[in-house]
Amino acid sequence: PEVALVESQLGSTVYVVGAGDKVESRQVELGLSYKGLRQITKGLKEGEKVVVKGVQKVRGGIKVKVADK
């Protein structure tokens with residue numbers, strides 16, 4: 001979802017949940033947009049978990065609680 005994107009002068013970034021539920025920022029390249037969803041064309045691997053709630057409070061290296069779908 002587009003709410004997961006953080007835009008800056010450096011481009012578009014998302015926060016990915018990695019090992020130990022720690023967050024890392026990842027620069028991504030964007031594709032098409034449709035009804036609040038955004039295609040990521042580069043920068044993510046299939047199956048990676050992306051932070052979609054509380055993005056403005058997240059910083060790289062912090063531990064987060066992963067919610068079920």
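The following paragraphs describe the chain as a whole and then one residue, Ser12.

This is a predicted model, in which local features need pLDDT of at least 70, side-chain atom pairs count only at pLDDT 80 or more, and totals for chains, interfaces and linings use all residues. Residues are numbered from 1 along each chain as its sequence is written, and side-chain values use heavy atoms, with hydrogens and water left out.

The chain contains 5 strands and 0 helices, in the order β-β-β-β-β along the sequence. Strands (E, at least two residues) and helices (H or I, at least four) are DSSP runs numbered from the N terminus. The radius of gyration of the chain is 12 Å, which agrees with the value near 11 Å for a compact globule of 69 residues; this radius is taken over C-alpha atoms, and the globule rule is 2.2 Å times the number of residues to the power 0.38. The C-alpha atoms fill a box of roughly 30 × 30 × 20 Å along the principal axes.

Of the 69 residues, 20% count as buried, meaning under 20% relative accessible area with a 1.4 Å probe, protein chains only. Ser12, in strand β2 (residues 11-17), is buried, with a relative accessible area of 10%. Leaving aside neighbours within four places in sequence, Ser12 is in contact (heavy atoms within 4.5 Å) with Val6, Glu7, Arg26, Gln27, Val28 and Leu30. With Glu7, the side chain of Ser12 forms a polar contact of 2.8 Å; such a contact is a pair of N or O atoms within 3.5 Å, and within protein one must be able to donate a hydrogen and the other to accept it, while residues adjacent in sequence count only if both atoms are side-chain atoms.

Terms used: Buried < 20%, exposed > 50% of the residue type's maximum accessible area, 1.4 Å probe, protein only.
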